[in-house]
Amino acid sequence: MTADCIFCKIVKGETPTEFLYQNENLVVFRDIRPHTPVHILIVPRKHIRSINDLTETDSRIISEMIFVAKETAKKESVSASGYKLLFNVERGGGQVVFHLHLHLMGGWKR
Ligand code: AMP
């Protein structure tokens, strides 16, 4: 837990947020400023700053995040139409919240 981290506060329930899914390792919630019709964040409970800070022991959480993203896409009915999974890495990569998260984006009408 990092005191001034918004996602740590969400994970701890200090900032009320509706979880679409949660387990002992991660939480899933809608992005507050969606860029796409379906825009969901998959967030590990453990505070990891970015992809740059991953260690060997974090490899399981990354694969779990991707698996949960796939399951969430199914629940949100975007599996067949398609979606993007995105990690922004550091400021130059567009990251503004420095707690690791995976964007699930989809739902475009095509
Ligand atoms: P990134 O640019 O990859 O760091 O993305 C951070 C994302 O977190 C942005 O799309 C924000 O809209 C989203 N965000 C920030 N605060 C909240 C919040 N309290 N609840 C949900 N999403 C948030």
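Colleague: What makes the approach of a ligand nitrogen atom to Ile 32 a polar contact?

Modeller: The ligand nitrogen is 3.1 Å from a polar backbone atom of Ile 32. A polar contact is a pair of N or O atoms within 3.5 Å; within protein, one must be able to donate a hydrogen and the other to accept it, and residues adjacent in sequence count only if both atoms are side-chain atoms. So 3.1 Å qualifies. This is a predicted model: local features need pLDDT of at least 70, side-chain atom pairs need 80 or more, and totals for chains, interfaces and linings use all residues. Numbering runs from 1 along each chain as its sequence is written, and side-chain values use heavy atoms, without hydrogens or water.

Colleague: Which ligand atom do Val 96 and His 101 approach, and at what distance?

Modeller: A polar backbone atom of Val 96 is 2.7 Å from a ligand oxygen. For His 101, a polar side-chain atom lies 2.7 Å from an oxygen of the ligand. The protein covers 89% of the 500 Å² of accessible area (Shrake-Rupley, 1.4 Å probe) that the ligand has on its own.

Colleague: Which residues around the ligand come nearest?

Modeller: Asp 31, Gly 94, Val 96, His 101 and His 103, out of 16 (one heavy atom within 4 Å is required).

Colleague: Why are E4 and E5 called paired?

Modeller: Strands (DSSP runs of at least two residues, numbered from the N terminus) pair if DSSP finds at least two bridges between them. E4 and E5 have four, in the antiparallel sense, so they pair. Lys 84 stands opposite Met 105 in E5.

Colleague: How do you know that E1 and E2 pair?

Modeller: Two bridges join E1 to E2, so the minimum is met. Gln 22 stands opposite Val 27 in E2. Three residues separate E1 and E2 in a hairpin.

Colleague: What makes E1 and E4 edge strands?

Modeller: E1 (21-22) and E4 (83-86) each pair on one side only. The open sheet has the order E1-E2-E3-E5-E4, with antiparallel pairing.

Colleague: Why is E2 called mostly covered?

Modeller: Four of its five residues are buried. Buried means under 20% relative accessible area (exposed is over 50%, partly exposed in between; 1.4 Å probe, protein chains only).

Colleague: What makes a set of residues a nonpolar core?

Modeller: Buried Ala, Val, Leu, Ile, Met, Phe, Trp, Tyr and Cys residues, joined through side-chain atoms within 4.5 Å. The largest such core has 16 residues; Leu 26, Val 28, Ile 40, Ile 42, Ile 61 and Met 65 have the most contacts inside it. Its largest share, six residues, comes from H2.
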